[in-house]
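Please take a moment with the sequence and the model below before reading on. The paragraphs that follow walk through the chain as a whole, then its helices, its surface and its charged pairs.

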Amino acid sequence: MFTELISFLILAGLLAVSIFLFVANSKTEPKLLSPILQTEKPNVILGVDDFPNSNNLWTPDKQITTNLPQPTISARSAIIIDLTSNQIVYAKNIHNKQPVASTVKIMTAALALERRKANEIFTISAKAATIGEDSMGISEGEKYTLQEMLYGLMLPSGNDAAEVIAENVAGSTENFVDIMNNKANLLGAKDTKFINPSGL
């Protein structure tokens, strides 16, 4: 009994100390865990000198002012943009046109959600059921909600789901591709051209 009482008092003491420390720390500013400094001045672009102990920290400024090698990026094209200043930090063949494969499905999903309700029923055509490559495994004549088709589009990267969405949203794949290209143009993606809703 005495041992249990001692154990209870120790646990109660630890709990009290934990609550005290939590309350005390919540009244102060959180400590930075990141090497990137916070500043009270809005839109201030920090340089290497603003980072303490930054000898091993790669930054755009450091890349320019020292002989450190640029990052090795194996992709044929790449771009890194500082969203605070909208400055390009790194660029490699950014105007070369590249096939974007299944990332096309992001536009397909966005347009489907803009133009149809998630609970609308879509019917599977023979063409969509046999589109090939990655698929969600649908068959001709089956019926699914748009929500179900979006899961099939984005999770297994279903080309069949992309075809179903295009046909049911715009009446045909060709009409849907026209809508995709118009949307890209409105978004300012002038170098983007879609030829199908799946990227296949």
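Accessible areas are worked out here by the Shrake-Rupley method with a 1.4 Å probe, and for residues only the protein chains shown count as cover. By that method the accessible surface of the chain comes to about 14,300 Å², with 58% of it belonging to carbon and sulfur atoms. The model is a predicted one, in which local features need pLDDT of at least 70 and side-chain atom pairs count only at pLDDT 80 or more, while totals for chains, interfaces and linings use all residues. Residues are numbered from 1 along each chain as its sequence is written, and side-chain values use heavy atoms, with hydrogens and water left out.

The chain holds seven helices and four strands, where helices (H or I, at least four residues) and strands (E, at least two) are DSSP runs numbered from the N terminus. Read from the N terminus on, these elements follow one another as α-α-β-β-α-β-α-β-α-α-α. Of the 200 residues in the chain, 26% are buried, a word that stands for under 20% relative accessible area, while exposed stands for over 50% and partly exposed for what lies in between (1.4 Å probe, protein chains only). A contact means heavy atoms within 4.5 Å, and among the contacts in the chain with a separation of 6 or more, 47% are between residues 24 or more positions apart.

A good place to begin is helix α7, which covers residues 173-186. The expected span of a helix is 1.5 Å times one less than its number of residues, and for the 14 residues of α7 this gives 20 Å, in agreement with the 20 Å between its end C-alpha atoms. Which residues of α7 are buried? They are T173, F176, V177, I179, M180 and A184. Seen down the axis of α7, these buried residues fall within an arc of 160°, so they line one face of the helix; the arc is that of the directions from the helix axis to the C-beta atoms. On the other side of α7, E174, N182 and L186 are exposed. The buried residues of α7 pack against α3 (104-115), α4 (126-129) and α6 (159-170), and the helix is followed by G188, whose phi is positive, near 90°.

Helix α3 can be read in a similar way. Its twelve residues should span 16 Å at 1.5 Å a residue, and the 17 Å between its end C-alpha atoms agrees with this. The buried residues of α3 are V104, K105, M107, T108, A109, L111 and A112, and what covers them includes α5 (146-154), α6 and α7.

The surface offers another view, starting from strand β1 (residues 78-82), in which I79 lies. I79 counts as partly exposed at 43% relative accessibility, and I81, whose place is also in strand β1, is partly exposed with a relative accessible area of 42%. Not counting residues up to four places away in sequence, I79 touches I88, Y90 and I94; the C-alpha atoms of I79 and I94 are separated by 6.5 Å, although the two residues are 15 apart along the chain. Together, I79, I81, L83, I88 and I94 make a nonpolar surface patch of about 480 Å². Patches are made of residues with over 30% relative accessible area and no salt bridge, like charges being joined within 9 Å and nonpolar side chains (Val, Leu, Ile, Met, Phe, Trp, Tyr) within 5 Å.

Charged pairs complete the picture. A salt bridge is a side-chain nitrogen of Lys or Arg within 4 Å of a carboxyl oxygen of Asp or Glu, and by this rule the count comes to four. One of them joins the side chains of D191 and K97 (3.9 Å, N to O); D191 lies in the segment after α7 and K97 in the loop between β2 (87-92) and α3, so the pair ties together parts that are 94 residues apart in sequence. D191 counts as partly exposed at 47% relative accessibility, whereas K97, at 64%, counts as exposed.

Another salt bridge is formed by E114 and K183, whose closest N and O atoms are 2.8 Å apart. Since E114 lies in helix α3 and K183 in helix α7, this pair ties together parts that are 69 residues apart in sequence. A further one links the side chains of E163 and K127 (3.2 Å, N to O), and here helix α6 holds E163 and helix α4 holds K127, so parts 36 residues apart in sequence are tied together. E163 counts as buried at 5% relative accessibility, while K127 counts as partly exposed at 42%. Not counting residues up to four places away in sequence, E163 touches K127, A128, I131, T173 and P197.
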